[in-house]
Amino acid sequence: MASDKPLYYGSSSSSPSYGGSPTYYGKGPTYYGGKSPAYYGGGQYGGGPQYGGGGGADDGSIVGTITIGRMLRVISQRWLSVFVFLLVGLVIAFAVYRISPTIYEASSEFTMDIRRSSGGAAGRGALAEAMPDFGNNYAEIFNTRISAWRSDKIVTKIVQQYRANHPASTVSDEEIIGTLGGSKLELQRNSRIITITVRSKTPALAAALANAYAEAIEAFTDEENKVRCDKAVANIHSNVEKKRREVDKIAKQLLDFRTANKVDNLHSSRDTVQQGLQKTTTDILALETEETQLIEWEKMLAAVQQDPESYGNLSTGVPRAQEIATEYRAFQDASSEYQSILVAFTENHPEVIGKKKTLEIARQRFLDAAQRALLTGRSMLQVTRNQLANLKAKQEDLRNELASVEQRIVLAESGLGQLDAEFGVANRVLEGLIMDENKARLDAESINEIITVGRPANIPTKPVLPNPAIIFGAGVVLSIAFGLLFVLVLDNLEDTVINLADIEGRLALKVLAVLPHVRRKKREQVAKFLVEDKYSQFSEAVAGLRNLLESPRYESLSRCMLVISTQPGEGKTITSTSIAISYAQTGKKTLLADFDLRRPRGLKVWNLALTKEKSLSHALQRANDGEDIDFSSLVNKVEIDNLDVLSSLPPEGISPATILGSRIVPEFFEWARANYDKIIIDSPPFGLVGDVVSLAVLADSAIIMCCPDRTHFKPIQYCSRSLTEAGANILGVIVNDVEVSTASAFSPSSHRHRHKYGYGGGYGYGKGYGYGYGYGYGYGYGYGSGYGPRRNKKKDDSTTEKKTDEAHAAQEAGGGGTTL
């Protein structure tokens, strides 16, 4: 053999285990390439029989498992792609809106009513046969009748109705029929109202056709109702017409008899005499009433002459009543003046005597006026009595004439008795038949379809199409939907961890800490970076992780911790070393054990000069062979207080798998727990061998390493699943090698997709040293830009920028910074 080293510990690039070939950890197609059916591509890690669906977002479809959390994460990561789809959708919606024709919509309404007979189908006889059954409710009736309302016959009536309403219209019949092709009839819910909707490029044509449609349906229904009613009462109507002809014949015979015997003239003469007699009697009654009044007036005027004071009882209808009233008021005034002056003077006083004469003159004039009225009344009474005598004589003559005419009428009408009887019988029979016909017609109309035009259509002023809300809304919804589908497909096809949301969303693991990228060329420099610079960004991140692990939530699980990675180069060794140093700096007695027996890194990190007697792997092999081993003799003291290190030589001639599966490893863990406060285990990378599973079960908890743009989902998923099923406690994930900048974002920074965390705010430590730190997404930490004396801030900033540029240049020249 060319070398005593085992094949799984190759030191060249062609090593089958750790050397970077495609066999296990490379990017070839076998395991981590993502397409092999054996483990990570589609077998144990993917859709194989052991674990079913593989990753958290892989359900076998091109889109993957769709959850709210995943959609929010994908949108937050790829919002720009969704936004581009949105812009494209809006542009397409705008183009559709611009090229779409302008359409106007008009609607009219009519009510539909079905009158039903209460007698039932069995009692209607011929009516039941003539009237069709449209349905039991208005929805059924509407669905039954809509075919007739859309027939060619109704279309013809609509065109005719439109021509009648708009005789000057130049619209062709073809255009009208084409417009009606897109019309709609809709029964409004829980009502008898039907809406007719017509759309056209011309608003006036849409309104006119909607109204013509409703009117045509109304006329069409009336015609159908008339036809059905006529058919239902046809037999009864024929009997009515036959009896009507018989009645007309008897009526003609009566008319001829009346004409021959002048019966109508006699009736006319009798009516004239009766009217004259009635008028004469009325005039007599009026004159007798007037005579009575005149007699009463005569008596009253005679009494006034005897006693002027009785004038108050005189009626206003007395002849010359106005003259008498005037004289009476003058008499009353003179009497009042006389009485008033008589109070102040005696009867012999000249003024009293003068007033008395005036009173006598006024009294005499009043009596003279009453006398003239009495004479006038007597003259009127005589005239009235003469008129009354003449009217009574005329009344007697009219009575005699009326008796003569009535006698002649009785003699003439005696011949009409038989004809009248026949006419009466025939007429009653006809009325009965007419009533039967009307009843039958009412029964027919009781199940008729009644259509009444309700609200007419108005000329629309706003178009209904194109509808910007619908077009742009559909554009937004569809573009966002296609954008989401696009980014979900990309997210499902991309197997590389991008950011913290990928870890917490797809892997369902907590992010414990984010360790920044350290610009060093050698691994040994990075491992001891906490010792060199306690206030660096990396040191503060490790300190934050230590504080989190010391919190009450994790304290019981953080005494013995296993640091795991799914592939080399993810910073497992540096992270475990940094955690151990951080615990030692706090005064806790800490043990750092390198259990990566196939490829130990502790020798170079701590610059140890080991022999096989102090090599952990060889000591475990000897113990497994039966030799007693004192684990304390394997401890290596380093320059850091409170920190002991256990490491191994390359495993020549030993089997790490056999060692880690033996009883000696649990004994080692018991010894470590008895002698140390904190135990940090640097485990082998999780792969095809079972070393990590056995170590994770013995430890209190396990931490998985992850590097953005390097770590794949399926290996971590398989690792987490395997350890959980074995009974291990997984605390979470440490995200390593994150580029730090002053930008407050965690997103791809270049074509290499190196990620950044943003840091804001400032925080001072000690004297003259300023460090800023803030919080990014999830559990990420961030810092300011460098440190140094704060005497001249501007100068310090320029110096820091210069050092940073030099570090970038050194990194580019040396192939990039060291991976943690």
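**Exercise 1. The two sides of helix α1**

Work out which residues of helix α1 (residues 68-77) are buried, and where they sit around the axis of α1.

*Solution.* Keep in mind that you're looking at a predicted model. Start by picking out the residues with under 20% relative accessible area, the cut-off for buried. In α1 that gives you Arg 70, Arg 73 and Val 74. They cover an arc of only 95° around the axis, so they end up on the same side of α1. A bit of helix geometry helps here: an α-helix has 3.6 residues a turn, so residues three or four places apart point the same way. Now turn the helix around. The face directed away from the buried side carries Ile 68 and Leu 72, and these are exposed.

**Exercise 2. A nonpolar patch on the surface**

Find the helix that supplies the largest share of the nonpolar surface patch, then classify Val 84 by its accessibility.

*Solution.* First, gather the members: Ile 75, Trp 79, Leu 80, Phe 83, Val 84, Leu 87, Val 88, Leu 90, Ile 92 and Val 96 make up the patch. Together they offer about 850 Å² of accessible area. Next, sort them by element. Helix α2 (residues 79-99) gives the largest share, with nine residues. Val 84 lies in α2. Its relative accessible area is 42%, so Val 84 is partly exposed.

**Exercise 3. An aromatic pair and its neighbours**

Decide how the rings of Phe 631 and Trp 671 are arranged, and say which parts of the chain this pair links.

*Solution.* The structure holds twelve aromatic pairs, and we'll take one of them. As a reminder, a pair of aromatic rings is described by the distance of the centres and the angle of the planes. For Phe 631 and Trp 671 the centres are 5.7 Å apart and the planes stand at 40°. Planes under 30 degrees apart would count as stacked and over 60 as edge-to-face, so this pair is tilted. Now place the partners: Phe 631 is in the loop between α20 (616-624) and β8 (636-637), while Trp 671 is in helix α22 (residues 664-675). They are 40 residues apart, so the pair links distant parts of the chain. Phe 631 and Trp 671 are both buried.

Zoom out a little and you'll see one aromatic cluster, formed by Phe 595, Phe 631, Phe 668, Phe 669, Trp 671 and Tyr 676. Tyr 676 has another contact: the charged end of Lys 589 sits over its ring, 5.0 Å from the centre.

**Exercise 4. Three salt bridges**

Take the salt bridges Asp 230 with Lys 226, Lys 355 with Glu 337, and Asp 644 with Lys 637. For each one, give the distance and say how accessible the partners are.

*Solution.* The total count is 21 salt bridges, and these are three to practise on.

- Step one: in the bridge between Asp 230 and Lys 226, the closest N and O atoms are 3.1 Å apart. Both residues lie in helix α7 (residues 203-232), four residues apart, about one turn of the helix. Asp 230 has 30% relative accessibility, so it counts as partly exposed. Lys 226, at 56%, counts as exposed.
- Step two: Lys 355 and Glu 337 also have their closest N and O atoms 3.1 Å apart. This pair links distant parts of the chain, with Lys 355 in helix α11 (residues 350-413) and Glu 337 in helix α10 (residues 321-344), 18 residues apart. Lys 355 is partly exposed, with a relative accessible area of 30%. Glu 337 is partly exposed too, at 39%.
- Step three: the side chains of Asp 644 and Lys 637 meet at 3.0 Å, N to O. Asp 644 has 4% relative accessibility and counts as buried, whereas Lys 637 is exposed at 64%.

Some bridges share partners: Glu 550, Lys 588 and Lys 678 are joined into one network that way.

**Exercise 5. Two exposed polar residues**

Locate Gln 278 and Asn 143, then check the C-alpha separation from Leu 398 and Leu 187 respectively.

*Solution.* Gln 278 belongs to helix α9 (residues 263-306). With a relative accessible area of 53%, Gln 278 is exposed. Leu 398 is 120 residues away along the chain, yet the C-alpha atoms of Gln 278 and Leu 398 are separated by 9.5 Å. Asn 143 belongs to helix α4 (residues 138-149). Asn 143 is exposed as well, at 52%. Its partner for this check, Leu 187, is 44 residues away along the chain, with a C-alpha separation of 9.2 Å from Asn 143.

Technical notes:
Residues numbered from 1 in each chain as written. Predicted model: local features only at pLDDT ≥ 70, side-chain atom pairs only at ≥ 80, totals over all residues. Heavy atoms only, no water. Helix = DSSP H or I, 4+ residues; strand = E, 2+ residues; numbered from the N terminus. Buried < 20%, exposed > 50% of the residue type's maximum accessible area, 1.4 Å probe, protein only. Arc of directions from axis to C-beta. Phe/Tyr/Trp six-rings, centres within 6.5 Å; stacked < 30°, edge-to-face > 60°. Lys NZ or Arg CZ within 6 Å of the ring centre and 35° of its normal. Patch = residues over 30% accessible without salt bridge, like charges linked within 9 Å, V, L, I, M, F, W, Y side chains within 5 Å. Areas by Shrake-Rupley, 256 points an atom, 1.4 Å probe, with all protein chains shown as cover. Salt bridge = Lys/Arg side-chain N within 4 Å of Asp/Glu carboxyl O.
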